[in-house]
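Colleague: Please take a close look at one part of this model for me. I would like the strand that sits inside the sheet, its neighbours, and then how the rest of the chain fits around that picture.

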Amino acid sequence: IAPNGMKDGDYIVMTKAGGIEGTAVIASDFPEKTGLTDAELAEARGFMSMVSVVKEGLFCADNGATAMHDITEGGVYGAAWEMAEASGCGMEIWPDKVPFHPITLKVCDKCGLDKFRLLSSGSMLISCPDGEAMVKGLEQIGIPAAVIGRAGGSGVRTDKGEEILPPEADELYRMF
């Protein structure tokens with residue numbers, strides 16, 4: 001399933017959590033800047049074990065996905081913009097529904113990074129007609145997921161009207 005099949009009215013489902021890979025890289029390369037405890041650093045480095053999206057990709061392809069896009073450079077907002085652009089369909093994202101691990105939130109806060117634009121390999125955006133059914137199905141195979149938005153209109157925006165612009169450099173690069 002390509003990222004260009006999203007249709008007006010589709011729900012946007014996100015798997016796992018934002019910033020998975022970015023958090024792991026920062027914990028490995030810049031531990032002194034994170035403010036994390038040793039236990040948190042070990043857990044954050046372990047996020048690298050979650051970067052595959054094969055399991056959810058295969059499931060979603062067989063269960064109603066209209067488009068899929070792995071969330072890599074540019075984070076959740078970058079992937080949303082790329083999927084909308086590829087599909088020629090707008091999207092509304094509900095930021096309060098986007099899942100983040102507490103360690104990612106702590107790292108982003110300490111390092112002054114935008115959690116929505118941090119490298120998120122291991123997570124995927126899926127558009128589908130029935131978001132809640134997709135979330136339940138993913139959870140049954142052990143993949144946490146959440147409905148985080150809806151396709152429609154033009155452009156990409158939040159539910160508060162904030163325009164989401166095309167991705168620039170990933171937040172991770174600010175660490176270097």
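**Strand S4 and its surroundings**

Modeller: The protein chain has seven helices and six strands. Keep in mind that this is a predicted model. From the N terminus on, the order of elements is β-α-α-α-α-β-α-β-α-β-α-β-β.

Start with the sheet. It is open and built from six strands, in the order S2-S4-S1-S5-S3-S6. Its pairing is mixed. S2 and S6 (156–158) stand at the edges. Each has a single partner strand, so one side of each is left without a neighbour in the sheet. From one strand to the next, the twist averages 30°.

Now S4 itself. This strand covers residues 123–128. In the sheet order, S4 stands between S2 and S1. Strands of a sheet pair through backbone hydrogen bonds, either parallel or antiparallel. For S4, take the two neighbours in turn.

S1 spans residues 11–15. Four bridges join S1 to S4, and the two run antiparallel. Two of the residue pairs can be named here. Val-13 has Ile-126 as its bridge partner in S4. Tyr-11 is partnered by Cys-128.

S2 spans residues 67–71. Five bridges link S2 with S4, again in an antiparallel arrangement. Asp-70 finds its bridge partner in Met-124 of S4. His-69 is bridged to Leu-125.

Next, burial. How many residues of S4 are buried? Six of its six residues are, and the strand is mostly covered. The cover holds for both faces. On one side lie Ser-123, Leu-125 and Ser-127, and these are buried. On the other side lie Met-124, Ile-126 and Cys-128, which are buried too. Several of these names have come up already. Ile-126 is the partner of Val-13, and Cys-128 that of Tyr-11. On the S2 side, Met-124 is bridged to Asp-70 and Leu-125 to His-69.

S2 deserves a second look. It stands at an edge of the sheet. Even so, four of its five residues are buried, so S2 is largely enclosed by the rest of the structure. An edge position here concerns neighbours in the sheet: one side of S2 lacks one.

Then the charged contacts. Side chains of opposite charge can pair when their charged atoms come close. The count comes to five salt bridges. One of them joins the side chains of Lys-16 and Glu-56, at 3.3 Å from N to O. Lys-16 lies in the loop between S1 and helix H1 (20–29), and Glu-56 lies in helix H4 (residues 54–61), so the pair ties together parts that are 40 residues apart in sequence. This brings us back to S1, the strand that is joined to S4 by four bridges. Both partners of the salt bridge are covered. Lys-16 is buried, with a relative accessible area of 14%. Glu-56 is buried as well, at 1%.

Another salt bridge links Asp-96 and Lys-160, whose closest N and O atoms are 3.7 Å apart. Asp-96 lies in the loop between strand S3 (91–93) and helix H6 (102–111), while Lys-160 belongs to the segment after S6, so this pair ties together parts that are 64 residues apart in sequence. Both ends are exposed. For Asp-96 the relative accessible area is 66%. For Lys-160 the relative accessibility is 65%. Lys-160 also meets Asp-159 in a salt bridge, 3.8 Å from N to O. Asp-159 is partly exposed, with a relative accessible area of 37%. Through shared partners, salt bridges join Asp-96, Asp-159 and Lys-160 into one network.

Last, the chain as a whole. With 176 residues, a compact globule would have a radius of gyration near 16 Å; the protein chain has 15 Å, which agrees. Its C-alpha atoms fill a box of roughly 45 × 35 × 25 Å along the principal axes. Buried residues make up 52% of the 176. The accessible surface is about 7,900 Å², and 52% of that area belongs to carbon and sulfur atoms. Consider contacts between residues at least 6 apart in sequence: 85% of them join residues at least 24 apart.

Back to your strand, in brief. S4 is covered on both faces. Antiparallel bridges join S4 to S1 and to S2.

Conventions:
Residues numbered from 1 in each chain as written. Predicted model: local features only at pLDDT ≥ 70, side-chain atom pairs only at ≥ 80, totals over all residues. Heavy atoms only, no water. Buried < 20%, exposed > 50% of the residue type's maximum accessible area, 1.4 Å probe, protein only. Pairing = 2+ DSSP bridges. Axes fitted to C-alpha atoms, helices over the stretch in contact; angles between N-to-C directions. Rg over C-alpha atoms; globule rule 2.2 N^0.38 Å. Contact = heavy atoms within 4.5 Å. Areas by Shrake-Rupley, 256 points an atom, 1.4 Å probe, with all protein chains shown as cover. Salt bridge = Lys/Arg side-chain N within 4 Å of Asp/Glu carboxyl O.
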